[in-house]
Structure formats: C-alpha cells, structure tokens
Amino acid sequence: MAFDGITVACMAHELNTKLSGGRISKIVQPETDELLLTVKAKEGNLRLLLSASASLPLVYLTEMNKTAPMTAPNFCMLLRKHLSGGRILSVAQPSMERVLRFEIEHLDEMGDLCRKYLIIELMGKHSNIIFCTQDNQIIDSIKRVSANMSSVREVLPGRSYFIPDTQGKSDPLTIAEQDFIALIGAKPAKLAKALYTSLTGLSPVAAEEICHQASLDSDRPANGYEPEELLHLYRTLRRYLEPVIAWKQDDATPGSTFSPSIYYDGKNPVEFSCLPLTLYAESRRESYPSASLMLEHYYAEKNTLSRIRQRSTDLRRIVQTALERNVKKYDLQAKQLKDTEKREKYRVYGELINTYGYNVEPGSKSFRALNYYTGEEIEIPLDPQIPVQENAKKYFDRYGKLKRTYEAVTALLKETGEEIEHLRSIQTALDIALKEEDLAEIREELMQSGYIRKRPQNAKRPKITSKPFHYISSDGYDMYVGKNNLQNDALTFQFANGNDWWFHAKGAPGSHVIVRTNGNTLPDSTFEEAARLAAHYSANRDAEKVEIDYVEKKQVKKPNGAKPGFVVYYTNYSMMISPDISGIQEF
C-alpha cells in the first residue's frame, strides 16, 4: 500500500504517544532529502527518520543510526540553531492529508519560550520537509520550490505555508451521507477509482478493500449503483476508518485500534497496511506492534536498493555502453565468420582444376568435374581471360585469405563473447550490490578491465571492506556467496578448500557459492539450500526454476588470462531448483 492518509494517521498516533514531551537532542542530515532526529523521550532515546525522497518518502522510528556528513548542510544547521533542546508538544495530521506536523517548543535568542512547526509532506515527487513559525510563515525547507518550479505554491523563506488543495477531494472523516452519495454516484469511473480520486487520504488498495468489505464490485462504474448501495458503501467506509476516527476524537473505543501488518506472497512482501486487508486473506500476514517496525521492515531493503541503484547509475551506464558496443562488434564478427564458410569450396575448386584442368580448352568459362570428396559432379567457374592453371592459383589465394580471416575472426569472436559474458556478470553484480563497499569493488574491477580510467600511481586507493554474503544451512553448514567477480575468484581460489562444494547457475552470470564441508558429507537439504542461493544470486533469479551446476571445488579451474569470475570444470552434477531463499538464515 502507498504511504496514504491511513498510514500517516497510524504513524501520527504512534509518534504523538511516544514523542510528546520528548526533547530533541541531536539533528543530522545524512542525505540531501533526509533528517534523523534523536529525541530523549519517556522510553529513552528514540531516533526519528524523516525522508522527503521523491521515490520513497518515509517517516518512522528506527534503531538504526546513520553517519552524518563532515559538513552539515544549511538546513540542518538552521534546525540545530532553533530546535536543539526543543520539546515536542504534539504530532498531528491535518484532516486525512499525507502530512505530519510536529509542534515544538524551544527558547529563542532572548531566552523566551516560543513555538515552531516542523512539517513533513509525504506526497511522492512533491515530498518536502518544511520549517515554519507559529503563524505558519516558512523559515526554510529541505527542498526550496520557486514559482518557476510550481504554479500552485512557492516553498521559500518568508512565504506563508498552506496545504494546496489541487484535486478538490473531500475529507472522508467529515463528509455527510448525502454528500457522499451525491459525490460518488456522479462519477462514471470504476467504483474503487471513484473512491480514491474523490476522498482525501485513500490509496487504491484501501479503496479496493472498502469495496471488498461492502461486497460491491470495484470495477463497476460508480454511477451505476443505487443510492442504497452507496449508503451501504459509506457505512462500510466509516466502519473501516473507525481507528482513525477514534484517534482523532481521542476515543479509545475497544476494537478501534490500528493493526500494522505486512502481507507476504512466499518471501516477498506484497502489501503493508495499518488496517486489516481482507483482500489478502489467503496471504501470509505478519503483525507488528508499531507502524514504525512495519515500515522499517517493509521499506528497509527497498530504500537501500533505491539509494544504491541511484549511486550505481554511472557504473551501470559504463557497463551498458560497453555491452552494447561489444554486442554490435560480436554481430559484425559473426557475419564476417559466416562469409568465410565458402573457403573450402575454393580449395576444392583449385584442387579439381589442378587434377582435371589439362582437358579444359583455353578460354572456357567453366567446366564440369567429379568432386572426389563427395562423389558428385560439380561445375567450376573459370576466368577465360587467364590460363586454366592460373584459375587454380586464384582459387587457392581466395581460400588462403578466407582461411586466415576465419582463424583471426574465430579468435576475436571468442574474445568478444568472453567480454560480453564478463560485462553481463558485472551487471548481475550491480543488481546484487547492497552497500557502497560493494560498488567500490565493482568499480575496482572496471578499472582493472580498462573501462574506467585508473587512478594515478600516487593516488591513495580506497579501502574496500565488502565481504561475501554468509548464510547458515538448516544443518549448520556455512555457505558463502560472492557479490561480484573479484569476490567470486577470491572465494573459490583463496578461501575454499579442495573438498568444499562449489555451486553456480548453469549458463548464466551469477555468484559462486561455496559450502564449507569441514571434512563431512553434506546432507541433501544443504545441497538444495546452496543451490537455491546460487539460483537467487544469478541473472535467472526471476525464473520459476534454475539449473544449477555443483562440483567439489578441486574440480574448478581458472584458465590462464581468463576474465575475473570465469572458471571451467569438466565434470559436475546438476539440479533444477527454485530461486526462493526464504527460510535460509543469513549470518
């Protein structure tokens, strides 16, 4: 589910409960669009993450700390000046908007108590964190928005703060029955779409859920329903929003509470919600004691991958450009190689002219002869302007040229194919990368391969601390997964012992997986879990089944001069396995 008004309401309820009365002790800005506040609250020190990322706006309490930049950005310095030591009075959500407003009391330069607002707007690409005075005058924001950028509202120091009403939606908490029936009943759109486009704070999933609970077809046009049916839908909506209404009215009605949950399809989380989703009754549901824990679990990996993907853009562009260039080169070389297929024909022509040419009359344009290689009679074209034997020499010259071309192009084609395979393996490594250290190692490999200019000899080489993934099988065996080609080589040829087992996806770029045997015979379950890891960390991870080769490490060899990560083996076992690694314990 999107970070909709219901989720914001649940978060506001949680933050108001835990942070009210707490004092802000630390403010850092680890990213250009992100703040991390440390608050001394009743439960102890709590960290509050506020992210106005265009791709992933978030608010939640977290135990994770983030490193602050050496020089604090201007907005961070401004907040430290005004809010350090400030006391959070309340956390509120205006109506059902995707907005949280922190009311903070602090001492001004004269030592007098005053109040300020720190407002975070969770609105996709328009997300922002805005710092305002008590009378709603903007002091500054983490993203400044000028009139050139938006015709609806400027977000600049000195301007008045307001929430723009650009879509004319109604508040689902205050709309009356008849107004609801008239509003929804006039919409020609599908019923679910009519709901979330007419009412503030409802996401498409919430709208589908309300229709599902009301037993109404969400795909049927809203204006095709009778007023009685829309009245039933209105009452279902009010019943669904009871936890939000109860919190807004400070009414702790039994049963009217939020229930943060994540719904899973196998290992993959498909939705999160602060209210039950009967739409996903067949899916595995995992409940959480707070919205913060729910969001942290749901978004932690997604947020990390989003950041890493942004920071790996330059590497991806370099690899993609090189890959496209090599694929074009490969196609041209393959065409050249195909053109050499007739070389043997010219050799045979030359030999047959030498054998039977003495019977051919001078000036003939062709003659027929028996091909003693196939037993068939063939016609051999001749150049009438030159002697017959000169025709033989001409054909042998053509044969020699094409043979030399064939040998050269075959070697080039093999080299280009290996380069393509190497670049695709780097693309897979970029997909696997989870940390800056992983990208640093991939960058080092690209330098070694000549795709990135090498550092000057006197330049300090950054320390690379990236390590392979480490899993523990259900039988207690250590399983290691290389994140890139350099790690694959180190894992296979420096770390692994001869009797350890080696796994890799057949015919696809991917990680080397090493299972430490400790001199024991591995149980079948460990073989299967290691194969699942090899399938998951390969280019075929989206396939239903992946073929995995596995062999004792001592059977794996690296040819001289081979690209990083490239190995050969001449005897192996294979299995088809699912790339699902849910249930495998990561160390």
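Buried means under 20% relative accessible area, exposed means over 50%, and partly exposed covers what lies in between (1.4 Å probe, protein chains only). Keep that handy, since burial comes up throughout. This is a predicted model, so local features need pLDDT of at least 70 and side-chain atom pairs count only at pLDDT 80 or more, while totals for chains, interfaces and linings use all residues. Residues are numbered from 1 along each chain as its sequence is written, and side-chain values use heavy atoms, with hydrogens and water left out.

## L195, F180 and the cores

Let's start with L195. Its relative accessible area is 0%, so L195 is buried. L195 belongs to helix α4 (residues 191–198); helices (H or I, at least four residues) and strands (E, at least two) are DSSP runs, numbered from the N terminus.

Who does L195 touch? With contact meaning heavy atoms within 4.5 Å, and leaving aside neighbours within four places in sequence, the partners of L195 are F180, I184, L202, A207, I210, C211 and L233. Take L233: 38 residues separate it from L195 in sequence, and the C-alpha to C-alpha distance is 10.0 Å.

Three of those partners turn up again in helix α5 (residues 204–213), whose buried residues are V205, A206, A207, E209, I210 and C211. Just after α5, S215 takes a positive phi of about 60 degrees.

F180 has its own list: not counting residues up to four places away in sequence, F180 touches I175, G185, L195, L199, L230, L233, Y234 and L237. F180 also shows up in the largest nonpolar core, a core being a set of buried Ala, Val, Leu, Ile, Met, Phe, Trp, Tyr and Cys residues joined through side-chain atoms within 4.5 Å. That core has 89 residues, and those with the most contacts inside it are L15, L50, L100, F102 and F180. Helix α1 (residues 5–19) gives the most to this core, eight residues. Apart from it lies another core of 27 residues, with I432, V515, A531 and I548 among them.

## Helix α11 and the α12/α13 crossing

H422 sits in helix α11 (residues 388–432) and is buried, at a relative accessible area of 3%. Neighbours within four places aside, H422 is in contact with E445, S449, N485, K563 and P564. N485 is 63 residues from H422 along the chain, yet their C-alpha atoms are separated by 8.6 Å.

E407 is in helix α11 too, but E407 is partly exposed, with a relative accessible area of 45%. The C-alpha atoms of E407 and L337 are 9.0 Å apart, with their positions 70 residues apart along the chain.

E445 and N485, both contacts of H422, also help make the contact between helices α12 and α13. How do those two helices cross? The axes of α12 (residues 436–448) and α13 (residues 485–495) come within 8 Å and cross at roughly 95 degrees. Here axes are lines fitted to C-alpha atoms, for helices over the stretch in contact, and angles run from 0 to 180 degrees between N-to-C directions. The pair is therefore roughly perpendicular, on a scale where under 35 degrees is roughly parallel, over 145 roughly antiparallel, 65 to 115 roughly perpendicular and the rest oblique. The contact of α12 with α13 is made by E441, E444, E445 and Q448 on the α12 side, and by N485, L486 and Q487 on the α13 side.

## Positive phi in loops

Most residues other than glycine have a negative phi. Here are two that go the other way.

| Residue | Phi | Loop | Relative accessibility |
|---|---|---|---|
| N136 | about 65 degrees | between β8 (128–133) and β9 (138–141) | 30%, partly exposed |
| N518 | near 55 degrees | between β18 (513–515) and α14 (524–536) | 59%, exposed |

## Cysteines

How many disulfides are there? With a disulfide defined as a pair of cysteine sulfur atoms within 2.5 Å, the count comes to zero. C76 is in no disulfide, and the nearest cysteine sulfur, that of C132, is 18 Å away. C76 is also buried, with a relative accessible area of 0%.

Why is C114 not bonded to C132? The closest cysteine sulfur to that of C114 is in C132, and 14 Å is too far for a bond. C114 is buried as well, at 17% relative accessible area.
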